[in-house]
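Visitor: I'm new to this one. Can you walk me through its charged pairs?
Guide: Sure, here it is.

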Amino acid sequence: MHSLSVATGVAIARLLDRPNAETTGAVTALVERARLGLVMGPSELTAAMMFAQPLVKAWPEHWLLAYLIGVDLGMKYLHDGFYISDIVMFVTDIFTLKQLKEAERQAFSIAEWSGIHKRFFSFRNALASVAVEYALFAPPRPDLAPNCVLDDEHTNVHVLVVSPEESTAGLREQLQAADPEASISTSSSLLDATQVMQQYYHDGTRVNLLCIDSALLLENENTADESAEIFSRSQCLSQQLEPKEALSFFACKPLLVVISSAAEQVSFACSTERKSSWDCVVPTRMTSQLLPVLLSICEV
């Protein structure tokens, strides 16, 4: 089961104000059926949730239909040649084609169309956070296999690790264990990473996952409030690492993850301030457990 299928199940259950195992399991099963039937990768799963969210809010008693129409609009947003009849053929025939077409017509007036490219990556980041939260706090699930490799896609992930030299080897080994085919680059300072990222953008090389060791964000390792300093010093992080001309092209934006021993406190500071320059923050002690989840979200 893909990590984004589970994250979507959790997210929709929360929208329905029923964040229990029964609702989460029912939604997750539907999402996984759609993923397998329509060969959906992380981008398609993200787009489906982006369109499904306002529909679930508008049709809470018909969340199943809302998600299916979200899949329909998301697939059409990303691909030419997708037909709503594909849902009947490959996902479920619980609704007739006529019913789906009528729901699709109504959905056009509910869907949010402004700033859609930017919102696409906002939803990716939100689902990534839910996936990480689930992996941290939910009981282990033996059927949760986060990798989703599609036969007709190139899925190798390019990771840039920004970490002090003494920590780089360990993180690199964890990445290789999680995905032996991942391409891994390293930088030992934010300045070096900035230059590397600028060169990558200039060359047209995409970075899918950007891992930052929070130690590089600390001026004083013995600071009394580590989380506050990490949060404060990271506010211009994405601007440092991504050229301005690339920021508007969100198809190139990597998933920016801060790895911190004070992850819970940093996340709380982020929720309080309602802004952050990273996309996800993970605890150092859980890095090896969470890397497969993060890599699966970054597959292209």
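Guide: A term to start with: helices are DSSP runs of H or I, at least four residues, numbered from the N terminus. Also, this is a predicted model.
Visitor: Good. What do Glu32 and Arg35 do with their side chains?
Guide: They meet in a salt bridge, 2.5 Å from N to O.
Visitor: How far apart are Glu32 and Arg35 in helix H2?
Guide: Three residues, so about one helical turn separates them. Helix H2 covers residues 21-38.
Visitor: Buried or exposed, Glu32 and Arg35?
Guide: Glu32 is buried, and Arg35 is buried too.
Visitor: OK, switching. Which residue does Lys76 form a salt bridge with?
Guide: Asp72, with the closest N and O atoms 3.3 Å apart. Both sit in helix H4, residues 63-78. They are four residues apart, so about one helical turn lies between them.
Visitor: And how accessible is Asp72?
Guide: Asp72 has a relative accessible area of 0%, so it counts as buried. Lys76 is partly exposed, at 33%.
Visitor: Which residues are joined into one network there?
Guide: Asp72, Lys76 and Glu104, through salt bridges that share partners.
Visitor: New topic. What about Glu133 and Arg14?
Guide: Their side chains meet in a salt bridge too, 2.8 Å from N to O. This pair links distant parts of the chain, 119 residues apart. Glu133 is in helix H7, and Arg14 is in helix H1.
Visitor: What is the relative accessible area of Glu133?
Guide: 33%, so Glu133 is partly exposed. Arg14 is partly exposed as well, at 40%.
Visitor: How many salt bridges does the count come to?
Guide: Six.

Notes:
Residues are numbered from 1 along each chain as its sequence is written. This is a predicted model: local features need pLDDT of at least 70, side-chain atom pairs count only at pLDDT 80 or more; totals for chains, interfaces and linings use all residues. Side-chain values use heavy atoms; hydrogens and water are left out. A salt bridge is a side-chain nitrogen of Lys or Arg within 4 Å of a carboxyl oxygen of Asp or Glu. Helices (H or I, at least four residues) and strands (E, at least two) are DSSP runs, numbered from the N terminus. Buried means under 20% relative accessible area, exposed over 50%, partly exposed in between (1.4 Å probe, protein chains only).
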